[in-house]
Amino acid sequence: MASKTDHDMGNVVTRFAPSPTGFLHIGGARTALFNWLFARHYGGKALLRIEDTDKKRSTDEAIDAILDGLDWLGLDYDEEPVFQSARVERHAEIAGILLEHGHAYRCYATPDELAAMRAEQRESKQPLLYNGQWRDRDPAEAPEGAAFTIRIKTPASGRTKISDMVQGDVWVENAEIDDYIIVRADGTPTYMLAAVVDDHDMGCTHIIRGDDHLNNAFRQLPIYRAMDAIEGGWPDPAYAHIPLIHGSDGAKLSKRHGALGVGAYRDEMGILPEALCNYLLRLGWAHGDLEEIDRQQAVELFTLNGVGKSPSRFDLKKLENLNGHYIRLADDRRLAQLAADEAGRTDQTDVDLLERAMPVLKQRAKTLDDLITGASFLFATLPLDMTDKAATMLTDEGRAYLWQVSARLSEQNDWTFDALEASTKALVAELELGFGKIAQPMRAALTGTTTSPGIFDVLVLLGRDEALARINAQAVSPSHG
């Protein structure tokens with residue numbers, strides 16, 4: 001039996017095949033990334049299929065969310081998306097071929113008969129498997145006009161091996177796989193049939209997906225092998241089943257561990273796409289001690305050899321730290337526009353001001369929200385709202401120091417970082433103070449908080465008139481009262 005594991009890796013075709021029943025899940029995003037990187041690494045093709053055959057649960061909103069999420073992550077595809085629902089006739093055609101050549105059969109078992117069979121199996125503590133009662137029966141024995149499903153004939157004995165590119169050799173006893181339904185009584189194909197037909201027709205050479213699909217691989221292989229026996233040209237694909245992502249406590253990832261949808265990391269948590277991609281890449285894949293890996297490096301380095309067999313643990317703090325790294329690398333104009341959009345400050349002068357502030361703001365920020373919070377002093381108006389902690393810095397002594405700072409800086413015509421630093425530190429030396437004695441009330445007066453960029457950066461960004469106005473609003477003459 002030919003296998004695409006043996007084929008030239010220059011002909012690689014991968015696919016990401018989400019079901020549009022909700023947002024783009026963080027685990028799905030990692031699967032999409034691994035498929036995309038694998039194809040790009042080997043110079044192959046990355047394809048997208050929307051598995052929308054479940055019309056009750058599939059929605060246009062979910063399709064849009066998936067496409068939007070993939071676009072935001074920078075995962076582009078080499079062909080237009082394939083919509084599984086548009087291929088039902090092709091799926092039915094293959095079912096007909098399997099039926100015609102004796103690799104599938106009509107099953108006339110009624111729902112009541114199937115229920116009784118399962119009840120008996122439960123009672124005797126046997127596996128809940130279809131008993132093959134119509135496998136070798138003459139369809140003429142069925143009542144005229146009776147409803148039927150179509151089932152694939154799976155091997156009744158022996159074992160099947162998959163040489164998985166992540167899990168290694170995995171064996172399953174064929175007796176554990178029953179003759180499952182490939183076409184329902186209403187004539188619609190099941191996932192098992194549709195996925196195989198679509199993967200074949202799309203030319204997929206490698207099926208890279210979560211290890212919760214490993215059992216599906218053993219169920220899908222009989223279709224490949226039956227069609228290969230009938231037509232030829234249906235070789236087994238190469239499989240790679242990736243361990244799932246778990247929460248920080250080792251349990252299956254769920255809402256209690258944080259956001260599950262990619263959109264929330266963008267819209268609610270201020271994560272950059274390059275940071276999320278880098279983090280997802282490192283969840284279950286490694287290349288030595290490398291932590292920070294950009295897209296070009298990832299394409300150069302990614303192979304399935306680096307994928308581990310154990311589940312990965314999602315760590316939000318690690319993601320935020322990595323996001324801080326990418327914020328520091330990011331273009332200031334881009335960050336300014338993102339922060340402005342998020343904060344609802346889309347006036348061009350505000351964006352320009354944010355861009356000027358960005359080299360300072362981004363040094364300690366881990367998220368876009370940090371940038372917005374850090375920039376809030378730029379847009380504050382007098383009288384400033386004070387945090388409780390900032391208010392404690394504005395003692396009588398602190399206000400008296402501000403009066404002296406105002407007098408000194410009012411003489412300053414060169415409103416630059418170096419000149420402002422020199423003037424202020426000269427005043428500190430004259431007064432024989434520690435720098436914090438003046439810097440703390442200055443920060444409170446200028447920003448209304450106790451955390452901000454460096455005090456001289458703040459003075460420059462506010463400009464001479466605004467900075468002096470804020471200091472004067474809190475300054476009190478030492479002789480006052």
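This passage describes a small parallel sheet, a set of salt bridges and a charged surface patch in a predicted model.

Local features were accepted at pLDDT of at least 70 and side-chain atom pairs at pLDDT 80 or more, while totals for chains, interfaces and linings use all residues. Residues are numbered from 1 along each chain as its sequence is written, and side-chain values use heavy atoms, with hydrogens and water left out.

We may begin with the sheet. Helices (H or I, at least four residues) and strands (E, at least two) are DSSP runs numbered from the N terminus, and two strands pair if DSSP finds at least two bridges between them. Three strands make up an open, parallel sheet in the order β1-β2-β3. Its edges are β1 (13-16) and β3 (82-83), each of which pairs on one side only. Four bridges link β1 to β2 (residues 45-50) in the parallel sense, and F16 stands opposite L48 in β2.

Turning to charge pairs, the structure holds 29 salt bridges, each being a side-chain nitrogen of Lys or Arg within 4 Å of a carboxyl oxygen of Asp or Glu. Burial is graded by relative accessible area: buried under 20%, exposed over 50% and partly exposed in between (1.4 Å probe, protein chains only). One bridge joins R135 to D179, with the closest N and O atoms 2.9 Å apart. Because R135 sits in the loop between α4 (111-123) and β5 (149-152) and D179 in the loop between β7 (168-173) and β8 (181-183), this pair ties together parts 44 residues apart in sequence. R135 is partly exposed at 24%, whereas D179 is buried at 5%.

A second pair, E397 and K437, has its closest N and O atoms 3.6 Å apart. E397 belongs to helix α15 (residues 396-410) and K437 to helix α17 (residues 435-447), so parts 40 residues apart in sequence are tied together. Both count as partly exposed, E397 at 41% and K437 at 44%. Salt bridges with shared partners also join R15, R49, E51, R87, R90, E93, D198, D199 and D201 into one network. Within this network, E93 and R90 form a salt bridge at 3.3 Å between the closest N and O atoms; both lie in helix α3 (residues 88-100), three residues apart, about one turn of the helix.

Finally, D341, E342, D369 and D370 form a negative surface patch. Patch residues have over 30% relative accessible area and no salt bridge, with like charges joined within 9 Å. Helices α11 (332-343) and α13 (368-375) each supply at least two of its residues. D369, in α13, is partly exposed because its relative accessibility is 31%.

Key. Patches are made of residues with over 30% relative accessible area and no salt bridge: like charges are joined within 9 Å, nonpolar side chains (Val, Leu, Ile, Met, Phe, Trp, Tyr) within 5 Å. Accessible areas come from the Shrake-Rupley method with a 1.4 Å probe; for residues, only the protein chains shown count as cover. Lys and Arg count as positive and Asp and Glu as negative; His and the chain ends are not counted. The place of a charge is taken as NZ of Lys, CZ of Arg, CG of Asp or CD of Glu.
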